[in-house]
Amino acid sequence: MPPTQFKTDGLTDEQVLVAREKFGLNQLASQKTNEFVAALKRMATDPMLILLFTACAIYFVSGKIGDAIFLALAIVFQTSISLYQYARSNDALEKLKDLSKPTSKVIRNGEEVAIKNEEMVVGDSMVVEEGGSVAADGVIVQSNDFSVNESILTGESFAVFKAAYKAENQENQIYSGTSVASGRAVATVTAVGNETKLGKIGKSIEQIEDEKTPLEIQIGNFVKKMAIAGALFFVIVWVINYLHTKLLLNSLLQSLTLAMSILPEEIPVAFTTFMALGAWRLMKMGIVVKQMKTVETLGSATVICTDKTGTLTENRMSLATLFLLATNHISPTLESLPEGEKALVATAMWASEPIPFDPMDVALHDSYPNLFPNDERPNFKLIHEYPLSGQPPMMTHIFEDGSGKRIIAAKGAPEALMAVSQVTDAEKQQINEAMATMANDGFRVLGVGLAENTDATFPEKQQDFHFKFVGLVGFYDPPKKNIQKVLEDFYAAGIAVKIITGDNVTTTTAIAKQIGCRGYENSITGDALMNLPNDQLAEKVLATTLFTRMFPEAKLKIINALKQSNQIVAMTGDGVNDGPALKAAHIGIAMGKKGTEIAKQAASLILLEDDLSKMVTAVEMGRKIYANLKKAIQYIISIHIPIILTVFIPLALGWRYPNIFSPVHIIFLEIIMGPTCSIMYENEPIEKNTMLLPPKPLTNTFFNWRELSASIVQGLVITVGTLFIYQYSLYKGYDEALTRTMTFTTLIAANIFLTLINRSFFYSIITTLGYKNNLVVYIISITTALVAAILFLKPVTTFFKFEHPNLLQLTICIVVGLVAVIWFELVKLVKRRSMAVSV
């Protein structure tokens, strides 16, 4: 049956509901995890909560009911915060998963619509196209140059041709999980979910493995080391305290206090929150992140490899110019064409898909009726076709009408058509000159040929026909309006741009020049690239900007060569042949609208609007997330150091009041620090110099001396300030309660000022106070109010074993807390001056 004669209205909405009720959703049954229970299990093994439970139990046993109740409330609060943070992060990830679920086309109620794969039902008319995945088992009722890759079922990687009728070496059934290698087909769905062939053999193409990201592994290792250190100090402090006091439970409480102060349990919470909410923010901007590790990698990208058509250009092809070899004439317009040029357009149209989906095929079909009012397409039937193949590629279609008249038309790369046509050297020169002229104007150029064959059988390869070279057709695809600004933003961020395309070098150079692509003079073809010696490949790829006449193997070779040069590679792609390169790139970017399902599955990130400017946004967001996470982690480390040392030093050195803090004080500090690092810093805006800095190396870690040195020094200086107040209190003859009050107040003041100072490691506090982040005001206000309550509300003050400080004492604590952190502004000033950047 000719493709143009196939008609179906598909199922109605009522029939869909009936089928779904009878056969269920199109998804493989899997064991669902109760996320709430899983979260509770994680918290049950949380070291901090275990310590809190232990301290709470000791307080109850020793008769300190008030302290026990406070810790019990702290446990509830800590658990609630953890559940809230987890729920918030999990909700963001679930929305991402839902948005990134694969979709398919079906015909329902007489219209072709896109639905999620799981919504497909038995009886649906499923439309499958090149680059897509087959969502359910079905029987083909119409096909056009259709082949599938069934390696997921058979292990064989070659494509299998299928048709609506069973013929020699062909079958009419397609199966869920397979991918479409070429063409288009409509199939009636016969099985969904676990009843599909894939479901019955127990495989799933949607298995998602929760791999830990590099930074997550680093954080896990750091926390593990700190937990070991905490356990070691726990034993040491317990022994020292017990030897001094001979009080078992009291010694245990003090050792628990130190262990609690050592555990940086806020870091994993902050990491999970930052990554999940970062991905959620990207989703709201039209960028779907499929893997959490991509969020980490975004800020490190050094090279972006982009295709030309549809990414740099509008992908709105219009037939703009023609070259007829018979007259050696270029027609710059389609108005008032002579018969020869009209025949050229007709031949190019016959060489296109009968049901066009490629933009150039669509342009040819749209132009044909304007030139030929008497449309002959319904009279002809497609009897044989050769899909796009070869290097350079070409395709051939064979049509025949009822009288036996046959049309054998081919189109493709001009070099491919010249190679299979009988053209003289003079004609080759004419074709090359015309091709150069058209390409210099930025036109996408295809060669067109005709062949004759009256045999009942056809050659195995299209290249075996004897073609007559008819001419060239030129399409214009204008550059996107914003693309020049996008490239400028990439360059400013230190990211190189490389164009990888199947088009010829002349057309690509013309477009690259128009959009301001740097280095457009440096180009190489796919064949030349494949012939390069291995010892020259990496250097050549790094120095080249335009890669033309590319094919899948060459694309993959480019990505691997860049990775070999220690580049962090982002690559855009939309076709089924882009899959290997997208998978190999550090950041594979698929287009949401024109991208094939195979490309989307291979990619780690999807641009829903096919807008490359969103990639600038994604890089910006990646750098912002990394910078803010760094601030949060360095804040956590800086403030943990004085807590640890203020608990340990008085005890180890035998000072007058060795047990200056108890678990109650430590958990109060933890309650303050948690929201600061995981909520406030996550909400910080991007700093104005972020996209002007070079990409950070992917191998960078927060947990090396270079990164931690500033935090450690900050923490040590705060410790000096806190212990100075401790000794000052002793010098003044204050009792233990007032000494504890002033030491604690100094630590809180330093914490507040550290929060403000560490909002930037480059710009001054005066600049950062202008950053828009309402959470800073809220968290600092709440912290101040809580501390005021502790210091001046009698019952609360007594509970914390504090004493009301007078104004002078309070001022001294605040000033020392400020001095302990404000010195870092001088470090930032030196850094700004050394980089010759004004505040």
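Modeller: A residue is called buried when its relative accessible area is under 20%, exposed when that area is over 50%, and partly exposed in between. The model discussed here is predicted.

Biologist: What does the word buried say about K631 and E687?

Modeller: Both K631 and E687 are buried, so each has a relative accessible area under 20%.

Biologist: What makes the contact between the side chains of K631 and E687 a salt bridge?

Modeller: The term requires a side-chain nitrogen of Lys or Arg within 4 Å of a carboxyl oxygen of Asp or Glu. The N to O distance for K631 and E687 is 3.1 Å, so the pair meets the cut-off. K631 belongs to helix α22 (residues 613-652), whereas E687 sits in the loop between α23 and α24; the pair therefore ties together parts that are 56 residues apart in sequence.

Biologist: How many salt bridges does the structure hold?

Modeller: There are 19 salt bridges. One of them joins the side chains of E112 and R184 at 2.8 Å, N to O. E112 lies in strand β2 and R184 in strand β7, so this salt bridge links parts 72 residues apart in sequence.

Biologist: Why is R184 called buried or exposed, and at what relative accessibility?

Modeller: R184 has a relative accessibility of 10%. That is under 20%, so R184 counts as buried. Its partner E112, at 41%, falls between 20% and 50% and is therefore partly exposed.

Biologist: How do you know that the side chains of R406 and E400 meet in a salt bridge?

Modeller: The N to O distance for R406 and E400 is 3.0 Å, and because the cut-off is 4 Å, the pair qualifies. R406 has a relative accessible area of 24% and E400 has 23%; neither value is under 20%, so both residues are partly exposed.

Biologist: Why do β11 and β12 stand at the edges of the sheet?

Modeller: The open sheet is formed by 7 strands in the order β11-β10-β16-β15-β14-β13-β12, with antiparallel pairing. β11 and β12 each have a single partner strand, so one side of each is left without a neighbour in the sheet. From one strand to the next, the twist averages 20 degrees.

Biologist: How do you know that β10 and β11 pair?

Modeller: At least two bridges are needed for two strands to pair. β10 and β11 have 3 bridges in the antiparallel sense, so the condition is met. Within this pair, L324 stands opposite H329 of β11.

Biologist: What makes N328 notable in its phi?

Modeller: N328 has a positive phi of about 50 degrees although it is not a glycine. N328 is located in the loop between β10 and β11. With 41% relative accessible area, between 20% and 50%, N328 is partly exposed.

Biologist: Which residue with a positive phi counts as buried at 17% relative accessibility?

Modeller: R549 does, because 17% is under 20%. R549 is not a glycine, and its phi is about 50 degrees. The loop that holds R549 runs between β19 and α19.

Biologist: Which residues make the nonpolar surface patch of about 450 Å²?

Modeller: V235, V239, Y242, L243 and L248 make the patch. V235 has a relative accessibility of 47%; a patch residue needs over 30%, so V235 passes that cut-off. Because 47% lies between 20% and 50%, V235 is called partly exposed.

Technical notes: Residues numbered from 1 in each chain as written. Predicted model: local features only at pLDDT ≥ 70, side-chain atom pairs only at ≥ 80, totals over all residues. Heavy atoms only, no water. Patch = residues over 30% accessible without salt bridge, like charges linked within 9 Å, V, L, I, M, F, W, Y side chains within 5 Å. Areas by Shrake-Rupley, 256 points an atom, 1.4 Å probe, with all protein chains shown as cover. Buried < 20%, exposed > 50% of the residue type's maximum accessible area, 1.4 Å probe, protein only. Helix = DSSP H or I, 4+ residues; strand = E, 2+ residues; numbered from the N terminus. Axes fitted to C-alpha atoms, helices over the stretch in contact; angles between N-to-C directions.
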